[in-house]
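Subject: Structure for your review

Dear colleague,

Please find below the structure I agreed to pass on to you. My notes on what was found in it follow directly after.

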Amino acid sequence: MHCTRKVLDDLIWVGVDDRRVACFEGVYDIPDGVSYNSYVLLDEKTVVLDTVDKAVYQTYFENIEYALNGRELDYLVVHHMEPDHAYVIEALLVRYPNIKLVCNDKIAVMLKNFFRGVDFADKLVIVKEGDTMCFGRHTLTFVSAPMVHWPEVMMSYDLTDKILFSADAFGTFGALNGRLFNDEADFFNENLDEARRYYTNIVGKYGPQVQAVLKKAAGLELKYICPLHGFVWRSDFERILEKYLKWSSYTPEENSVMLAYASIYGHTENAASILAVKLVERGVKVRMFDVSVTDSSHVVANAFRCSHLIFAAPTYNAGIFIKMEELLHDIVNHNLQNRKVALMENGSWAPAAGKLMRDMLSKLKGIEFIGETVSVKSSLAEDQLAQLDAIADAIAAEIGR
Ligand code: FEO
């Protein structure tokens with residue numbers, strides 16, 4: 001049975017929630033699910049904007065059929081070829097064989113690569129930046145958004161009703177659960193964590209490209225932002241744009257500490273906990289994570305959030321304990337920049353994690369290390385408390401009360 005919502009009388013959300021997928025893209029923990037958004041524009045011509053993941057195809061096609069209410073489908077606009085939005089294009093073509101696909105030339109290549117059995121001859125309308133298409137009352141103009149977050153991505157802007165169809169940008173993890181718009185009471189504070197986790201993990205690597213798109217968006221009058229995941233934005237544009245400016249420029253959102261530790265038998269955790277106490281006693285806000293327990297997507301998001309980062313890890317097989325090594329790879333791959341970093345290692349006979357962690361993080365721009373690495377031998381020694389005090393003092397001097 002169909003399950004749709006109106007964005008406007010002639011713009012219908014036909015997306016579907018997925019609450020069964022535990023791990024988005026096989027990587028990111030999504031306990032609250034995710035929505036795959038797609039929209040039907042009912043004008044003199046009918047237009048579908050993007051499709052959905054294969055996991056939800058049945059309800060999706062029921063939604064399209066219901067939204068069209070017996071009308072033919074004329075166009076599919078494809079903004080992004082990642083299969084969570086494009087998997088069912090071939091199935092859509094089977095149901096609506098006369099549709100034209102509106103896309104750019106990079107998307108055209110990917111369509112042929114993903115759907116090798118489909119003959120796209122005479123089906124494609126190739127557009128480029130600044131082109132417009134009129135569907136009746138609505139006219140869309142196309143905006144290229146390369147690397148946000150695949151190279152082919154484009155957005156479109158409805159000149160009539162001032163709607164930005166923003167592809168992955170401005171998306172949020174979490175199923176919609178019947179909601180659609182972002183303007184419920186206290187929406188921003190309640191959903192910011194998942195918007196941040198979505199942005200930083202999915203798009204975070206591509207800050208300069210996001211900045212380029214934000215410059216284009218700054219010139220647009222916005223009444224709605226319709227992303228491919230999560231809520232339709234129709235208020236609070238300044239607040240979310242301000243966050244995007246911070247995240248994409250690798251500027252911390254807050255003066256605080258993200259303390260991520262790995263600990264095999266608890267001694268590194270103990271040292272990290274003592275340092276956390278010293279920081280909190282000095283008025284510093286600390287967000288602390290055991291990287292063996294917390295999915296790295298949450299830790300990466302908080303690394304983008306906080307001004308100061310502390311990493312504490314045991315040495316393991318002469319390297320960095322694997323969970324911490326994975327986290328640091330993730331942070332390096334997401335291109336985080338401009339952070340102050342303190343390090344703590346543990347090694348019962350041959351500590352090596354500190355140097356290796358420093359080497360990894362040194363690849364990032366704007367990383368400044370605070371003092372020497374604290375090197376714990378099995379368990380924290382009494383005379384090492386002064387070194388923890390020194391780190392806490394240095395951080396508190398910058399961001400404490
Ligand atoms: Fe939601 Fe880049 O796909």
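A search of the whole structure, which is a predicted model, finds 22 salt bridges. Side chains of opposite charge can pair when their charged atoms come close. Three of the pairs are described here one by one, followed by a network.

In one of the salt bridges, the side chain of glutamate 129 meets that of lysine 216, with 3.1 Å from N to O. Glutamate 129 belongs to the loop between β11 (124–126) and β12 (132–134), while lysine 216 is part of helix α6 (residues 207–218), so this pair ties together parts that are 87 residues apart in sequence. Glutamate 129 is partly exposed, at a relative accessible area of 42%, and lysine 216 is likewise partly exposed, at 32%.

A second pair consists of glutamate 398 and lysine 340, whose closest N and O atoms are 2.9 Å apart. Here helix α12 (residues 385–399) contributes glutamate 398 and strand β21 (residues 339–346) contributes lysine 340, so the salt bridge ties together parts that are 58 residues apart in sequence. Glutamate 398 has a relative accessible area of 43% and is therefore partly exposed.

The third pair lies within one helix. Lysine 246 and glutamate 242 form a salt bridge of 3.0 Å, N to O. Both residues are in helix α7 (residues 237–248), and because they are 4 residues apart there, about one helical turn separates them. Lysine 246 counts as partly exposed at 24% relative accessibility, as does glutamate 242 at 36%.

Beyond these pairs, salt bridges link Asp193, Arg196, Lys243, Glu253, Glu254, Arg287 and Arg305 in a network.

Turning to the cysteines, how many disulfides does a search of the whole structure find? The number is 0. For cysteine 103, the closest cysteine sulfur is that of cysteine 134, and no bond is possible because the distance of 19 Å is too far. The sulfur of cysteine 134 in turn has its closest cysteine sulfur in cysteine 226, also 19 Å away and too far for a bond. As to their surroundings, cysteine 103 is buried at 0% relative accessibility, whereas cysteine 134 is exposed at 53%.

On the overall fold, the secondary structure of the chain comes to 12 helices and 23 strands. The radius of gyration is 24 Å, close to the 21 Å that the globule rule gives for 401 residues, so the chain is as compact as a globular protein of that length. Along the principal axes, the C-alpha atoms fill a box of roughly 80 × 40 × 35 Å. Of the 401 residues, 56% count as buried. Among contacts with a separation of 6 or more, 73% are between residues 24 or more positions apart.

The surface comes next. The chain exposes about 16,800 Å², and carbon and sulfur atoms supply 50% of that area. Ile264, Tyr265 and Tyr316 make a nonpolar surface patch of about 370 Å². Of these residues, tyrosine 316 is located in strand β19 (residues 306–316) and is partly exposed, with a relative accessible area of 39%.

Finally, some details of the backbone may be of interest when you inspect the model.

- Valine 148 and histidine 149 are joined by a cis peptide bond, with omega at about 0°. Histidine 149 is in the loop between β13 (139–144) and β14 (154–158).
- Aspartate 50 has a phi near 65°, a positive value in a residue other than glycine. Its place is the loop between β8 (46–49) and α1 (57–68), and aspartate 50 is buried at 3% relative accessibility.
- Aspartate 122 also has a positive phi, of about 70°, although it is not a glycine. Aspartate 122 lies in the loop between α4 (105–114) and β11 and counts as exposed, at 69% relative accessibility.

With kind regards

Terms used. Residues numbered from 1 in each chain as written. Heavy atoms only, no water. Patch = residues over 30% accessible without salt bridge, like charges linked within 9 Å, V, L, I, M, F, W, Y side chains within 5 Å. Areas by Shrake-Rupley, 256 points an atom, 1.4 Å probe, with all protein chains shown as cover. Salt bridge = Lys/Arg side-chain N within 4 Å of Asp/Glu carboxyl O. Helix = DSSP H or I, 4+ residues; strand = E, 2+ residues; numbered from the N terminus. Buried < 20%, exposed > 50% of the residue type's maximum accessible area, 1.4 Å probe, protein only. Rg over C-alpha atoms; globule rule 2.2 N^0.38 Å. Contact = heavy atoms within 4.5 Å. Disulfide = S-S within 2.5 Å.
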